[in-house]
Structures are given as structure tokens and as C-alpha cells.
Protein chains: 2
Amino acid sequence: MHTVSDPSNSSSIGLPDLRPTVPDSRPGLDLTTDPLGLTGVKMTFARNEEIFGEAEPAACVYRLLSGVVRTHRILADGRRQITEFYLPGDVFGLQQGVSHSTSAEAVTDCTVVAIRRGALAERAVHDASIAHKMCALALHHLHRSEEHMLVLGRKTACERLAWFLMDMAERIPAHDRVDLPISRQDIADFLGLTIETVSRSMTQLQDEGLIALPTCRQVLLTDRRALLDLAG
Amino acid sequence: MHTVSDPSNSSSIGLPDLRPTVPDSRPGLDLTTDPLGLTGVKMTFARNEEIFGEAEPAACVYRLLSGVVRTHRILADGRRQITEFYLPGDVFGLQQGVSHSTSAEAVTDCTVVAIRRGALAERAVHDASIAHKMCALALHHLHRSEEHMLVLGRKTACERLAWFLMDMAERIPAHDRVDLPISRQDIADFLGLTIETVSRSMTQLQDEGLIALPTCRQVLLTDRRALLDLAG
DNA sequence: CGTCTCATTGACACCCTTCAAACGAAGTGG
DNA sequence: CCACTTCGTTTGAAGGGTGTCAATGAGACG
């Protein structure tokens with residue numbers, strides 16, 4: 001039985017519940033308690049601002065409160081692969097070893113809770129449930145990246161886009177519509193395509209009646225079934 | 001006799017030592033102690049035999065003693081993406097949730113130690129270092145899969161192949177040569193290419209003097225520097 | 001020696017990229 | 001309020017890298 005295929009299913013043994021909590025909006029001291037039971041510092045980043053850089057000392061783990069974040073890797077000549085988009089409630093910046101393997105940037109203005117890794121590791125030594133939650137989180141990311149590999153290695157442009165849209169629709173709950181907080185260029189670098197191909201695939205899906213595009217950032221899922229089929 | 005790795009070593013964030021140990025080759029009872037400090041059952045699989053299937057209950061975690069294993073995901077129409085190759089000493093089958101997200105098969109005849117997940121989880125509750133090692137392992141896999149995404153999304157056929165060869169050369173210690181235990185088809189499905197493109201890229205690298213191919217399974221790295229450049 | 005499997009090579013088609021231009025929305029200053 | 005700029009998106013034309021289809025070659029094995 002396909003019990004675990006759904007990443008949003010956090011009820012069973014798997015992922016701890018990381019839905020966004022009400023952010024602590026007191027002015028002044030910005031301390032927030034996160035689902036791991038730890039306290040971090042609230043920080044804000046402007047659109048396109050770097051949150052951490054590749055190979056930078058990995059001092060913190062982050063939980064996103066608002067906005068969107070992307071992580072990516074870049075080749076020497078500028079080719080870029082976005083490895084993941086993070087939405088409110090998501091945790092990012094988990095890294096093995098002392099430095100990050102990806103860079104993280106703000107896709108939109110965003111606020112995060114930064115949790116010192118040292119504190120996390122210290123707590124994890126005594127509290128196995130912390131370590132367990134981190135482990136589950138890492139495995140959740142691993143599961144997603146395996147799916148992403150299948151997409152990048154084996155799917156056509158339209159299939160990739162359909163997959164992306166369905167994933168977004170699932171993660172941004174709304175009624176048969178997705179308000180994309182992400183530019184075409186970022187979608188392209190996420191799906192291993194060019195911006196032009198993303199645009200063309202978008203109009204192709206529209207022409208085939210699977211989606212409608214009132215504006216370029218607003219996608220109506222007019223044929224969810226066909227989209228799911230395409231997405232694989 | 002293998003002993004559990006030094007606890008002081010495990011306090012650093014890095015990867016636990018998972019080098020192959022001498023397999024217990026007594027006939028009869030096949031119990032082996034693995035680096036996580038747990039006991040598992042030794043099993044053997046023939047070439048192309050399935051070790052576990054996608055969406056199958058994830059009962060065990062495996063450590064490879066000998067041979068090569070691949071994990072993969074498949075689309076309905078048969079398109080396949082190999083997510084990773086595992087070599088002796090590697091651990092695979094770690095999964096979030098109750099079932100596997102990939103299938104695992106033996107690339108060659110192989111022997112593994114199968115460790116019951118229940119036992120692992122139970123121990124992890126009391127022993128934080130176990131959970132910590134599992135976490136490090138998951139993050140190690142995540143790091144590799146991020147690299148893999150960059151390869152699948154943004155690199156050319158020759159770059160992919162060069163990357164693959166350098167990775168293999170690193171993991172199979174030998175002097176400027178790689179004895180591939182893996183078929184062209186498996187390489188293709190790992191790199192998101194077709195078998196023909198892999199073959200063509202192989203000869204192209206040979207024509208350019210980066211490698212030599214005494215046999216199709218034996219690769220001599222005649223220009224390591226250029227290969228590393230290509231690999232990115 | 002024949003068969004089977006796997007790897008290589010060739011010819012051609014096609015999907016996606018590249019290069020280029022036009023379009024549209026948002027913000028600024030006159 | 002309207003030109004003007006800027007940035008992001010869309011569309012077009014042409015080219016290239018990779019896939020597809022097909023045939024040949026090379027080892028392994030009975």
C-alpha cells in the first residue's frame with residue numbers, strides 16, 4: 001500500500017509536524033520557539049538576499065516563517081541548479097559536516113528562525129527525540145530529492161512543469177489554483193530547463209486546456225486529472 | 001573482531017566510519033556486527049535480484065559487504081532513474097516512513113547485512129549516538145543527491161560521464177584506473193542519458209585523450225586533471 | 001562454432017537551447 | 001496623467017545535442 005508517498009502526510013511514523021506556528025511578533029527581542037523545542041533568533045531577509053553561502057560554515061539551521069527560500073548549487077560558468085524551494089513551516093540548512101553544500105537565498109522577502117547548530121547538537125546528545133526528528137527531516141528531504149532526480153533525469157519539459165505545479169498546489173493549499181511566488185527563471189533552474197522552455201511549456205499546457213493563466217504568476221488548474229497523469 | 005567506533009569520534013558532526021569490515025565467514029550462523037553497533041543477518045543476492053521494492057514495507061536497513069547495489073525509481077512507461085550505486089561498506093535502505101521510496105537491486109552478486117529497523121529505532125531511543133550516526137548518514141546521502149541533481153539538471157553528456165568516472169575512481173581506490181562493475185545501461189540510467197549517448201561520450205573522451213578503454217569495463221584515467229575540470 | 005548478451009557506430013529526427021525581438025506590467029519622473 | 005525606463009515574460013527562427021531506430025561488432029558460454 002502506498003501509505004508514504006504523500007510527503008504532506010506527517011501523521012504516521014514519519015515527519016514531525018512542522019506546519020508554521022504563530023510567529024512571535026513582539027517588537028524588540030525576537031526569540032521564537034520552534035517545533036524541535038529549541039529557541040532561535042528571528043531574522044529577515046530581502047528578496048534575492050543570501051541567507052548562507054555554499055562552503056560557508058554551517059552555523060545554523062533555519063525554519064521559514066514567511067516568504068519563500070531557494071537553495072542551489074552553481075557551476076563555475078554560472079549554470080545553476082535549484083535543489084529545493086522552501087515554504088513557510090519548512091526547515092532548511094541541515095547539513096552534514098561543518099559547511100553547507102548549497103547556497104540559500106530569499107526568493108521573496110522572508111523571515112526565518114535561525115537555530116544555532118551547536119545548541120541543536122548538544123540537545124540531541126541528551127534528547128534522542130530531537131535527533132530522531134532531525135533524522136526524519138533529513139530523510140524527508142532525501143525522499144524529495146530522489147523524486148527530483150527522476151524528474152531531472154527522465155521527464156520531458158511539460159512533465160516537469162506539471163510535476164512542479166502539482167507539487168506547488170499541494171504545498172500551497174488553495175482551490176485549484178496556484179499563486180506562484182517564483183519567477184520563470186527560478187522555475188527553469190529548478191526543473192533543469194531554460195526560461196524559454198518553461199514559458200513555452202506553460203503556454204502549451206494552457207493550449208491543451210490543462211491550466212489557465214490569468215496572469216503569469218497565477219495558474220488555474222483546469223484539469224487536475226490530466227496534470228496528475230502528466231506529472232507521473 | 002570489529003568494535004564500535006570511538007565515541008569521541010562520533011561527537012564530531014562528520015560521517016561515521018563505514019569502511020568494510022572483515023565479513024564473518026563462519027558457515028552456519030550468519031550474524032554480523034555492523035558499525036552502528038547492531039547485529040544483523042547476512043544475506044546474499046544474485047545479480048539483478050531485487051533486494052527491496054519501492055513502496056514495500058521498509059523492514060530493514062542494509063550494509064553492503066561485497067558486490068554492488070543500485071537503487072532506482074521507475075515511471076509507468078518504464079523510464080528509470082538510478083538514484084545511487086552502493087559499494088562495499090555503504091549503507092542503504094534508510095527511509096523515512098514505513099515504506100521504501102526507491103527499489104534496490106543487486107548490480108552484481110552481493111552480500112549484505114540486513115539490520116531490522118525496529119531494533120535500530122529502539123536502540124536509537126536510548127542511545128543518541130545511534131540516532132546521530134543515522135542522521136549523519138542521511139545527510140551524507142542528501143549531499144550526494146544534491147550533487148547528482150546538479151549533474152542531471154545542468155551538465156552535458158561528457159561532463160556527466162567524467163563526473164561519474166571521477167566519483168567511481170574515488171570510491172574504488174586504484175591507481176588511475178577504474179574497473180567498472182556497472183553496465184552501460186545502468187550508467188545511462190544513473191546519468192539521465194541513453195546507452196548510446198554513454199557509449200558515444202566514452203569514445204569521445206577516449207578520442208580526446210582523457211581516458212583509455214582497454215576493455216569496455218576497464219577505464220584508464222590518462223588525464224585526471226582534464227577529467228576533473230570536465231567533471232566540474 | 002553458434003548463440004546470447006552487451007557495446008559500439010551510423011543515420012536521422014526531434015526536443016530543447018540559443019539568439020533575437022517584441023510584449024506587458026510596474027515604477028519613476030516630468 | 002502620461003512618456004519613459006526597467007524588469008520579467010512571451011514568441012519566433014535556427015541550430016545543436018541527445019534520443020530513436022537499426023545494424024554491426026565484441027566477448028562469454030555452452
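## Around DNA strand C and between chains A and B

Of the 17 residues around DNA strand C, those that come nearest are Thr197(A), Arg184(B), Ser199(B), Thr203(B) and Cys216(B); a residue is near a strand if its C-beta atom, placed from the backbone, lies within 6 Å of it. Two or more residues of this surface come from each of helix H5 (195–207) of chain A, helix H5 (184–191) of chain B and helix H6 (195–207) of chain B, and H6(B) gives the most, with six residues. Helices here are DSSP runs (H or I, at least four residues) and strands likewise (E, at least two), numbered from the N terminus.

This is a predicted model, where local features need pLDDT of at least 70 and side-chain atom pairs count only at pLDDT 80 or more, while totals for chains, interfaces and linings use all residues. Residues are numbered from 1 along each chain as its sequence is written, with chains lettered from A and ligands numbered from 1 in the order in which they are written.

Now to the protein partners: 43 residues of chain B are in contact (C-beta atoms, placed from the backbone, within 7 Å) with 46 residues of chain A. Strand E6 (80–86), helix H2 (117–126) and helix H3 (128–154) of chain B each supply at least two residues of the side touching chain A. H3(B) has the largest share of that side, 20 residues.

Here is the make-up of both surfaces by class (nonpolar: Ala, Val, Leu, Ile, Met, Phe, Trp, Tyr, Cys and Pro; charged: Asp, Glu, Lys and Arg; polar: the others, Gly among them).

| Surface | Nonpolar | Polar | Charged |
|---|---|---|---|
| Side of chain B that touches chain A | 20 residues | 19 residues | four residues |
| Surface near DNA strand C | six residues | seven residues | four residues |

Technical notes. Contact = placed C-beta atoms within 7 Å.
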